[in-house]
Amino acid sequence: MAESESQEGNYYNRGKMVETIETDMEELLEEMEKLTVRVTWMAYDYVAIQTKPDLPNAMQHSEDVFLMCKEQMEKKWQQVLLE
């Protein structure tokens, strides 16, 4: 009987270990997918910059204009709230 209980305990422990491994594998797979996407975007950016060297300047200009526009919109929104 003690042997039967020992086998049940081993089976339970193995089940938990398999469950833990599956969870770890899912997390690692998700992290690998995220890294793959990041590397793909980096490669895309690299190719885009190599084929059009002034692209970073254009992107920076677009970001600056966007931030200025966002700032103006926030100011206008605050004025509307105060009225």
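## A tour of salt bridges, rings and surface patches

In this predicted model, the count of salt bridges comes to 2, and these two contacts make a convenient place to begin.

Select Lys34 and Glu30 to start with, whose side chains meet in a salt bridge with a distance of 3.7 Å from N to O. Both residues belong to helix 1, where they sit 4 residues apart, about one turn of the helix. Colouring by accessibility shows Lys34 as partly exposed at 47% relative accessibility, and Glu30 is likewise partly exposed, with a relative accessible area of 44%.

Move next to Lys75 and Glu71, which form the salt bridge whose closest N and O atoms are 3.5 Å apart. This pair lies in helix 2, which covers residues 55-82, and here too the partners are 4 residues apart, about one turn of the helix. Lys75 counts as partly exposed at 43% relative accessibility, while Glu71 has a relative accessible area of 42% and is partly exposed.

Now zoom out to the whole chain, which holds 2 helices and 0 strands. Of its 83 residues, 1% count as buried. With the surface switched on, the accessible area comes to about 8200 Å², and 62% of that belongs to carbon and sulfur atoms.

Return to helix 1 for the rings: a search of the whole structure finds 1 aromatic pair. Trp41 and Tyr44 form this pair, which is edge-to-face, with 5.5 Å from centre to centre and 85 degrees between the planes. The two residues both lie in helix 1, 3 residues apart, or about one turn of the helix. Trp41 counts as exposed at 52% relative accessibility, and Tyr44 also counts as exposed, at 52%.

The next selection is Met17, Ile21, Met25 and Leu28, which together make a nonpolar surface patch of about 420 Å². Within this group, Leu28 is found in helix 1; because its relative accessible area of 52% is over the 50% cut-off, Leu28 counts as exposed.

Finish with the charged side chains Glu19, Glu22, Asp24, Glu26 and Glu27, which form a negative surface patch. Centre the view on Glu26, a residue of helix 1, the helix that runs over residues 2-51. Is Glu26 buried or exposed? With a relative accessible area of 57%, Glu26 is exposed.

Methods
Residues numbered from 1 in each chain as written. Predicted model: local features only at pLDDT ≥ 70, side-chain atom pairs only at ≥ 80, totals over all residues. Heavy atoms only, no water. Patch = residues over 30% accessible without salt bridge, like charges linked within 9 Å, V, L, I, M, F, W, Y side chains within 5 Å. Areas by Shrake-Rupley, 256 points an atom, 1.4 Å probe, with all protein chains shown as cover. Salt bridge = Lys/Arg side-chain N within 4 Å of Asp/Glu carboxyl O. Lys, Arg positive; Asp, Glu negative; His and termini not counted. Charge placed at Lys NZ, Arg CZ, Asp CG, Glu CD. Buried < 20%, exposed > 50% of the residue type's maximum accessible area, 1.4 Å probe, protein only. Phe/Tyr/Trp six-rings, centres within 6.5 Å; stacked < 30°, edge-to-face > 60°.
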